[in-house]
Amino acid sequence: MSVIEIINKLYNTSTATREELNYLLDNLTKKDKEYLIEKSHEIALNNYGNNVYIRGLIEFTNYCIRDCKYCGIRKSNNKADRYRLSIEQILECAELGDKLGYKTFVLQGGEDPYFTDEIMVEIIKKIKGKYPYNAITLSLGERSYESYERMFKAGADRYLLRHETASKELYESLHPNSSFENRRKCLENLKKIGYQIGAGFMVGLPKQTNNDLVNDLLYLKELNPHMCGIGPFIPHKDTPLYNENCGTLEKTITMLALVRLMLPKVLLPATTALGSIDPLGREKGLKAGGNVVMPNLSPTNVREKYSLYDGKICTGDEAAECRACIEKRINKAGFKLNISRGDSLVLSEEEINNINKNIKIEKIIKENLDNISLVKKG
Ligand code: SAH
């Protein structure tokens, strides 16, 4: 089969064999790439129209007990200036986000034992109490089944946990004292509990081969996550990988397009890392099948400190500026900003209906509670 025939097969059936994917990645020409991007864009349009969904990102702690070799907030980086947002600060971010029209808050951080289940449950309940119609996405790394379950019951809706790479050997070389199997188990657990889950991987990791990237595609196909975060690896100066090369824009775009073809209904962010290696990286990601962006809602004084890689964009902008800037960029690229919750179409129609029903009920309860407290005050 030729590369074009494999792209057509992916377009028509969302599947390809390992051999075909390897052949495609090894032989893709510039022209083939253009065709691939065209097709992936078409699939995104067929499923989501030209909507781009936005999520407000709250980077609430950069303390971390893990030592991932690529990451700037790894435990061994004693140059990292550590911070934690207080519950009040997190709520302020959510309040600002709600005002700016965000319907999803993403709470992301290093693996920080300070944020126990009790504290996380309190944060989630407080946010949900104020904004029951908004979704909460967590991205706090690996925790126990019970912990995930408690946070889900408290109201968390979604969980981002990139699998990082689906090749065991590569995974283990990058994650000291961590388990490849446990990371995957966590994703399974999250799915079982009922979260909408986000997996994902980095492109251009040192020693990563095309075959490793094929492993990522096949793993994703099997896992069938609701979301998938893909970004280039970018070295951070205070990590063991400081001297390595960045992942390229081209390769990352190719992988985004392939994921769109293999998982037509997945939510696919055009990531900040992509925007950090090219001024129009996010726009190019959207044109290759992406349909989500995650502007920053964190207080500006901590933005620089949440430094996973060098050259991260938007560290100086206020949340409102980020929101306005991204809308302009989305429109200019020919897309429409969609400010709904943007639940994944990987969910069944029944699941989506249930979510909407619950939101309606929660809204009515909140309105009644607000009225009661007004009457009491009056
Ligand atoms: N502690 C959470 C959140 C991690 S940060 C967790 O374990 O999931 C979010 C993502 O940033 C990571 O999953 C990783 O894929 C990405 N990341 C970290 N360092 C990076 C780097 N140097 N270049 C590009 N992406 C990086």
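A residue counts as buried when its relative accessible area is under 20%, as exposed when over 50%, and as partly exposed in between, using a 1.4 Å probe and protein chains only. C186 meets the first condition, as its relative accessible area is 1%. The model is predicted: local features need pLDDT of at least 70 and side-chain atom pairs count only at pLDDT 80 or more, while totals for chains, interfaces and linings use all residues. Numbering starts from 1 along each chain as its sequence is written, and side-chain values use heavy atoms, with hydrogens and water left out.

**Ligand site**

- The ligand is surrounded by 18 residues, and the closest are Y70, G109, R162, E164 and I234; a residue is near the ligand if one of its heavy atoms lies within 4 Å of it.
- The shell consists of 10 nonpolar, 5 polar and 3 charged residues, where Ala, Val, Leu, Ile, Met, Phe, Trp, Tyr, Cys and Pro count as nonpolar, Asp, Glu, Lys and Arg as charged, and the others, Gly among them, as polar.
- A polar contact is a pair of N or O atoms within 3.5 Å.
- Two nitrogen contacts involve backbone: a polar backbone atom of I234 is 2.7 Å from a ligand nitrogen, and a backbone N or O atom of G109 is 2.9 Å from a ligand nitrogen.
- The side chain of R183 places an N or O atom 3.1 Å from an oxygen atom of the ligand.
- On its own the ligand has 560 Å² of accessible area, of which the protein covers 92%; such areas come from the Shrake-Rupley method with a 1.4 Å probe.

**Cysteines**

- The disulfide count is 0, a disulfide being a pair of cysteine sulfur atoms within 2.5 Å.
- C68 forms no such bond because its closest cysteine sulfur, in C71, is 6.1 Å away, which is too far.
- C186 is likewise in no disulfide, its nearest cysteine sulfur being that of C68 at 13 Å.
- C68 is also buried, with a relative accessible area of 14%.

**Domains**

- An automatic or database domain assignment sets the bounds, giving domain 1 (50–347) and domain 2 (352–378).
- Their C-alpha centres are 30 Å apart.
- Contact, meaning heavy atoms within 4.5 Å, links 10 residues of domain 1 with 6 residues of domain 2.

Methods
Polar contact = N/O pair within 3.5 Å; in protein donor to acceptor, adjacent residues only side chain to side chain.
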